[in-house]
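User: I am new to this structure and would like to learn how to read it step by step. Where should I begin?

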Amino acid sequence: MYDDLADFTADIKKCMRCGNCQAVCPVYGVTRAEADVARGKLQLGRALLEGRLEPTPRLSALSQRCLLCLACLDACPSGVATCAGIVALRAAARKGGGLPLARRMLLAGLARKPWLDRGLPVARRAQKAAFHPAGGGYRPRFPLGLDVRRIYPALPARTFLAGIRDLVQPPRADLRVAFFAGCMANYVYPGTGEAVVKLLASRRAGVVLPAAQHCCGYPLLALGDPATARAMAASHVAMFHRLGVDFLVTACGTCGEAWREHYPELLRDDQELYDRSLALATKVRDIASLLAELPAPGAMLPLPWRVTYHQACHLGRGMRVGDIPVDLIKAVPGIDFAPLADPGRCCGGAGSFQLFYSELSRAIAAPKLADIRNTGATVLVTGCGACRNQLEGLLAGEGWPGRVMHTAELLALTTP
Amino acid sequence: MMDRQVLRQLQQAVGKDNVIMDREELVLYSYDATPEMPPACPLAAVLPQSAAQVAAVVNICRVNRLAVFPRGSGTNLSGGTVPLGGGVVLATLRMDRILELDPDNLAATVQPGVIIQRLNDAAAPYGLIYPPDPGTVATATMGGSVAECSGGLRGLKYGVTRDYVTGLEVVLADGSVARFGGKTVKNVTAYDMVRLFTGAEGTLGVITEITVRLVPAPQDRRSMLASFTQLAAAGEAVAAIIRARIIPATMEILDRTTIEAVENYAHAGLPRDAAAVLLVEVDGLTEVVRHDAAVVERILQESGGRLKLAADDRERDALWAARRAALPALARLRPTTVLEDATVPRSRIVEMLAAIQDIAVRHNLLIGTFGHAGDGNLHPTILTDEGDHEEMARVHLAVKEIFATALAMGGTLSGEHGIGLAKRRFLPLELGDAGVAAVRRIKRALDPDNLFNPGKILPEEE
Ligand SMILES: Cc1cc2nc3c(=O)[nH]c(=O)nc-3n(C[C@H](O)[C@H](O)[C@H](O)COP(=O)(O)OP(=O)(O)OC[C@H]3O[C@@H](n4cnc5c(N)ncnc54)[C@H](O)[C@@H]3O)c2cc1C
Ligand code: SF4
Ligand code: SF4
């Protein structure tokens with residue numbers, strides 16, 4: 001799957017071009033360009049399949065302008081697999097060249113864990129040289145192709161996985177849980193990883209953390225490189241299959257979805273790996289969902305904050321966690337919960353989208369930032385490191401005084 | 001390929017960022033929501049930001065003998081925006097300002113690229129609504145819906161787009177900008193030019209500003225759903241409601257095929273053995289709503305309907321979910337969806353439904369029909385596969401028979417989707433030679449060079 005656009009012929013034909021996706025597409029909402037909405041993307045795919053277009057750098061560039069936010073998937077009356085089709089279009093369009101160097105480097109970097117691990121100290125030093133410290137993070141000193149109006153997070157001294165043992169075993173463990181940390185918790189926000197481990201241990205779960213785990217591969221798949229994504233899926237499925245755990249926990253909707261949806265799709269041609277990926281898929285839980293399934297460890301510490309919650313696309317529409325995280329937040333004593341008017345609207349971050357289309361990304365985020373400010377909350381919670389990165393950066397850039405944290409971090413603060 | 005010099009002129013007129021000329025992107029301005037249209041790629045697409053820019057584009061195109069294809073969101077169902085024979089697509093999407101909301105005059109003035117829902121959102125704080133609500137209310141532009149004279153679910157009580165448009169600014173074929181009508185309720189100056197351009201499908205000029213009437217939002221509303229084991233009984237209920245002099249805001253009907261599809265898809269709790277479902281909503285002052293709802297309930301029951309009422313907004317949503325699911329449920333059944341809009345006088349609605357079912361059986365096609373029983377506007381939805389030529393031939397026969405049947409009952413080719421490319425060859429069936437000739441004379445008088453949306457509405461001359 002994903003390697004051959006022809007696999008999506010049925011979906012592409014099923015698009016009746018009704019245009020309903022226009023109403024929900026955040027990119028189209030800003031640009032009003034047909035190429036930026038699912039209908040346009042699917043018709044590009046159709047033209048490619050029918051030979052009316054060939055893969056060209058321009059086609060590839062058009063195919064990249066999408067957040068893969070899944071909003072169109074929910075809005076589509078015909079049930080078209082919009083995002084999967086767009087991913088396949090990217091892979092097909094790339095064959096004509098035209099993926100910019102920066103994105104090719106990102107692909108190469110994500111595919112090689114040692115590069116990333118070794119890259120972190122280098123990146124940290126570079127960050128000190130090229131950025132001013134600002135708003136608890138860094139603001140670029142000169143554009144570098146980055147958005148100088150936003151704050152990028154200070155990179156940690158070492159990765160989350162380097163700072164923790166392979167197995168965290170509480171005195172009495174009732175179950176075993178594997179934690180798939182993902183890039184954001186490992187490289188950018190190790191505090192999220194630590195919070196997840198603390199929460200699980202407090203629920204009497206032994207936490208297994210395979211040190212060799214790396215990027216889930218979704219960013220590669222999304223940029224149009226299913227072959228490498230498949231290799232990463234295979235290595236992860238082999239690695240986690242052996243652990244014999246009760247659950248596989250993620251702290252990022254995209255990682256969770258990769259395990260649940262994309263790994264089986266990618267591994268379809270290898271019966272053994274495919275079966276194993278399906279078995280693992282049933283064990284995947286977002287950290288909030290698993291916490292809701294496990295008995296609470298006793299009294300919570302109060303937090304006297306006004307809190308709001310942003311629903312990450314791949315948690316809400318992807319993993320379908322629904323109101324679970326919000327219910328957990330509301331249950332914390334002392335918290336005054338102020339919901340967003342439109343919690344599920346994409347923040348415009350979308351992985352590397354905010355790096356490569358920073359102006360557009362900022363315009364997409366604008367209503368979200370206003371929504372957050374209007375709640376009067378001083379703490380913004382979200383279940384996704386990439387959304388956090390986007391919102392933290394943009395809000396701090398505007399001088400918003402509040403804090404942004406992962407759901408797990410907030411809940412860990414209530415755990416004695 | 002477009003002449004470089006013309007391209008440069010267009011870029012000068014509307015700005016570089018508002019001219020699309022790459023082949024890859026132009027493919028995306030070749031279609032709308034209509035199935036089976038010829039692939040026709042424009043030479044360029046422009047997205048002007050003001051009437052002056054529209055006029056400049058029109059002038060450049062006229063001088064260079066390029067057709068102009070006005071376009072909003074491209075959601076019409078009659079091929080209205082297909083750029084037949086190439087030319088320039090002029091999309092109004094970046095003219096999307098609400099220019100004025102005037103609650104004292106119950107009026108609003110908007111640019112053509114404003115999405116209908118946005119106007120309603122803006123009017124809501126004043127307790128006002130803009131009633132025309134096509135299924136695409138969240139995506140269609142005001143310009144496109146005025147050019148199609150869109151209808152919607154509330155036609156019976158609130159009428160259609162033409163009943164709300166009171167003023168227009170239009171760029172004409174010679175590049176001049178004309179204004180017709182305004183905010184006043186009364187206006188008999190010269191011909192009713194506002195109505196002429198409303199529903200003209202972009203063949204007479206480009207609408208650059210629209211003034212519409214707003215009405216007070218109803219204070220209250222109540223919905224009820226009734227299922228019938230006999231189609232005729234549902235028809236009798238509709239007639240009896242009108243005979244009781246009740247004008248519901250909506251009166252929607254779903255046929256057996258649609259009910260089954262909705263149940264399989266959404267499990268909305270519709271009885272699978274029903275031959276038809278009626279969804280009725282009354283609105284207005286609370287006292288009136290209470291009275292009207294009681295009468296409608298009694299009539300529905302007396303006609304043999306099994307009732308389901310909505311006590312609150314949540315239950316109302318549940319009832320409406322079934323109606324909203326109609327198109328998605330049907331569209332999923334087969335690769336291609338052909339959405340028609342045969343329309344007959346209200347009293348013949350059941351007869352028409354039965355005729356469509358008969359046509360489906362005779363041509364061995366899957367047709368689900370739902371629609372606006374209150375105003376006689378039905379949406380026979382043919383589920384088929386564009387790739388299957390033998391089946392498509394049967395679809396074409398069926399469509400032709402549906403039109404002929406509707407016309408024989410005193411109905412029309414199109415209640416709200418327009419003629420465009422899709423139905424132009426049937427035009428003489430309804431208008432006759434004299435009627436077609438009159439339409440052609442109007443088109444020639446206003447657009448002598450056949451600049452605007454050529455090939456639409458009128459059948460090609462031999
Ligand atoms: C799922 C679905 C449901 C629908 N339900 C309904 C319904 O319930 N009722 C109904 O009436 N219709 C319905 N439609 C049809 C369609 O949504 C309407 O015709 C809509 O009003 C078109 O708006 P648009 O902005 O997409 O216009 P477009 O499709 O872009 O254009 C429509 C026509 O208007 C012309 N035009 C556009 N802008 C201008 C302008 N500024 N000046 C002059 N001409 C212009 C175009 O040339 C074209 O002929 C439905 C369509 C779909 C796909
Ligand atoms: S996934 Fe999001 S950004 Fe991409 S086309 Fe769909 S709605 Fe638009
Ligand atoms: S909503 Fe679905 S069917 Fe409609 S245009 Fe978008 S992708 Fe196509």
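Analyst: Begin with a cut-off: a residue is near a molecule if one of its heavy atoms lies within 4 Å of it. Keep in mind that this is a predicted model.

User: Which residues come nearest to ligand 3?

Analyst: Around ligand 3 there are 13 residues, and the nearest are A:C15, A:C18, A:G19, A:C21 and A:C76.

User: How many of the residues around ligand 3 are nonpolar, polar and charged?

Analyst: For this step, cysteine counts as nonpolar and glycine as polar. The shell around ligand 3 then has 7 nonpolar, 4 polar and 2 charged residues.

User: Which residues are around ligand 2?

Analyst: Ligand 2 is surrounded by A:C25, A:P26, A:V27, A:A38, A:C66, A:L67, A:L68, A:C69, A:L70, A:A71, A:C72 and A:C83. Two elements of chain A, α2 (26-31) and α5 (71-75), each give two or more residues to this shell. By class, the shell around ligand 2 has 12 nonpolar residues, with no polar and no charged ones.

User: Helix α2 of chain A came up there. Is A:G29, which is found in that helix, buried or exposed, or something in between?

Analyst: The scale has two limits: buried means under 20% relative accessible area and exposed means over 50%, with partly exposed in between. A:G29 counts as partly exposed, because its relative accessibility is 48%. Position in sequence and position in space can also be set side by side. A:G29 and A:C216 are 187 residues apart in sequence, and their C-alpha atoms are 30 Å apart in space.

User: Where does B:H389 lie, and how does the exposure scale apply to B:H389?

Analyst: B:H389 lies in helix α14 of chain B, which covers residues 389-408. B:H389 is exposed because its relative accessible area is 65%, and the limit for exposed is over 50%. Between the C-alpha atoms of B:H389 and B:I367 there are 17 Å, with the two positions 22 residues apart along the chain taken as their separation.

User: What can be said about chain A as a whole?

Analyst: Chain A has 21 helices and 11 strands. Of its 416 residues, 59% count as buried. The accessible surface of chain A is about 15500 Å², and carbon and sulfur atoms account for 57% of that area. Among contacts in chain A with a separation of 6 or more, 75% are between residues 24 or more positions apart.

User: How is chain A divided into domains?

Analyst: The domain assignment of chain A gives domain 1 (5-97) and domain 2 (298-413). Their C-alpha centres lie 28 Å apart. In the contact between them, domain 1 of chain A takes part with 14 residues and domain 2 of chain A with 14 residues.

User: And which domains does the assignment give for chain B?

Analyst: For chain B the assignment gives domain 1 (2-91), domain 2 (98-216), domain 3 (220-326) and domain 4 (328-408). The C-alpha centres of domain 2 and domain 4 of chain B are separated by 30 Å. The contact takes 4 residues from domain 2 of chain B and 4 residues from domain 4 of chain B.

User: What confidence does the predictor give?

Analyst: For the complex, the predictor gives an ipTM of 0.93 and a pTM of 0.91. Chain B averages a pLDDT of 95, and 100% of its residues score at least 70. Chain A has a mean pLDDT of 87, with 86% of its residues at 70 or more. Over residues 141-146 of chain A the pLDDT is below 50, and this stretch has 15 contacts in the model beyond near neighbours in sequence.

Notes. Residues are numbered from 1 along each chain as its sequence is written. Chains are lettered from A and ligands numbered from 1 in the order in which they are written. This is a predicted model: local features need pLDDT of at least 70, side-chain atom pairs count only at pLDDT 80 or more; totals for chains, interfaces and linings use all residues. Side-chain values use heavy atoms; hydrogens and water are left out. pLDDT is the predictor's confidence in each residue, from 0 to 100. Helices (H or I, at least four residues) and strands (E, at least two) are DSSP runs, numbered from the N terminus. Buried means under 20% relative accessible area, exposed over 50%, partly exposed in between (1.4 Å probe, protein chains only). Contact means heavy atoms within 4.5 Å. Accessible areas come from the Shrake-Rupley method with a 1.4 Å probe; for residues, only the protein chains shown count as cover. Domain bounds come from an automatic or database domain assignment.
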